[in-house]
Amino acid sequence: MSLLVVGSVAYDALESPYGKVERTLGGAATYFAVAAAFFTQVKLVAIVGDDFDSKDEAMLRKRSIDIEGLERASGKCFFWAGRYSENLNERVTLATDLNVFAEFKPRLPQKYCDSKYVFLANIAPDLQRDVLHQVKCKPKLVAMDTMNYWIERTNAELRETLKHVDVLMINDAETRQLSSEHNLLRAARHIFKMGPSTLVVKRGEYGAMLVDRDGVFCVPAFPLEEPHDPTGAGDSFAGGFMGCLASVGSTSDAALRRAMVYGSVLGSFAVERFGLERLLTLKRSEIHARARHFSKLTQFKL
Ligand code: AMP
């Protein structure tokens, strides 16, 4: 089933206790698309400048990512720089240069307008809504991400967008901030009143939790001895989650549980190396092997 993503395609400068890269392809939509493309074809809506490298374009094309919706503008690509703390749990943003992203008005090519699965990566909530308006037939599932910036500065816009979304995928701090509830289950109940019927809370090294009206499902994060760079882990999680659902065309409870595991698998691979490096060498067989490992990791007898 067709899967559409809108969000940032960027160049990132990354620094962690494990090393440093000056400039590497990043962006929320890029991580999402690369992760989801292991499961299904992905249609990408984003904007790049004239410094967008032809090798990066070739990489996206090679991976069953449709880039007809990747707009070219004169100017530079979105640039983001971040540095991680010793334990990789905290990061400081060193630079956010919007560049061509400042003028971004998402335009969906005609053939994207019947997408059945839609992921609105972390961008301004009015742009997220604008994309949804352009999807003509009602999608089977709409999921979105957001961040503290939009929760604080464009709360009314965000709430309007949330009315049209099925799954909200955010981290624990954002969940607490959006709902003004510390307890995540109470927070979920609060968020259901805003529109989404499912909340996926991404909890970094503590895994992820899905809450819907049927109950709660938790997955651990895959235990890694040496994660190198958490950039894009959440977007890769979202790509694995949505790609998995779109590939089976189902949103049943069983499908959502499997999607949580594949989300966690893709997130775990993303953090093993800097930037997209690990996802670009990843094989489907490794993904399935790690999913089986997850199953062993969480099995027990009563
Ligand atoms: P995450 O680690 O999930 O926060 O995603 C990091 C990716 O998001 C990086 O590759 C950045 O290029 C991109 N990014 C960082 N800040 C923003 C922002 N304000 N809007 C859109 N994308 C961003």
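**Exercise 1. Sort the residues of the shell around the ligand by class, then find its polar contacts.**

Solution. Start with the classes: the shell around the ligand holds 6 nonpolar, 6 polar and 3 charged residues. Here Ala, Val, Leu, Ile, Met, Phe, Trp, Tyr, Cys and Pro count as nonpolar, Asp, Glu, Lys and Arg as charged, and the others, Gly among them, as polar.

A quick word on the source: this is a predicted model, where local features need pLDDT of at least 70 and side-chain atom pairs count only at pLDDT 80 or more, while totals for chains, interfaces and linings use all residues. Residues are numbered from 1 along each chain as its sequence is written, and side-chain values use heavy atoms, with hydrogens and water left out.

Next, pick out the neighbours. The ligand is surrounded by 15 residues, and the closest are Ser8, Asp12, Gly27, Arg91 and Gly232; a residue is near if one of its heavy atoms lies within 4 Å.

Now the polar contacts (pairs of N or O atoms within 3.5 Å). Asp12 puts a polar side-chain atom 2.4 Å from a ligand oxygen. Gly232 uses a backbone N or O atom, at 2.8 Å from an oxygen atom of the ligand. For Asp235, a side-chain N or O atom sits 2.9 Å from a ligand oxygen.

Last, the cover: the ligand taken alone exposes 500 Å², and the protein buries 85% of that (Shrake-Rupley method, 1.4 Å probe).

**Exercise 2. Describe the nonpolar cores.**

Solution. A nonpolar core is a set of buried Ala, Val, Leu, Ile, Met, Phe, Trp, Tyr and Cys residues joined through side-chain atoms within 4.5 Å. Buried means under 20% relative accessible area, exposed over 50%, partly exposed in between (1.4 Å probe, protein chains only).

The largest core has 67 residues, and Leu44 and Phe241 touch the most other members. Helix 9 (residues 253-270) gives the most to this core, with 10 residues; helices are DSSP runs of H or I with at least four residues, strands runs of E with at least two, numbered from the N terminus.

A second, separate core of 44 residues includes Val45 and Phe192.

**Exercise 3. Compare the settings of Arg213 and Leu88.**

Solution. Arg213 first: the loop between strand 13 (208-212) and strand 14 (215-219) holds Arg213. Arg213 is exposed at 61% relative accessible area. Beyond residues up to four places away in sequence, Arg213 touches Phe192 and Ser197 (heavy atoms within 4.5 Å).

Then Leu88, in the loop between strand 7 and strand 8 (91-97). Leu88 counts as buried, at 11% relative accessibility. Its phi is near 65°, a positive value in a residue other than glycine.

Key: A polar contact is a pair of N or O atoms within 3.5 Å; within protein, one must be able to donate a hydrogen and the other to accept it, and residues adjacent in sequence count only if both atoms are side-chain atoms.
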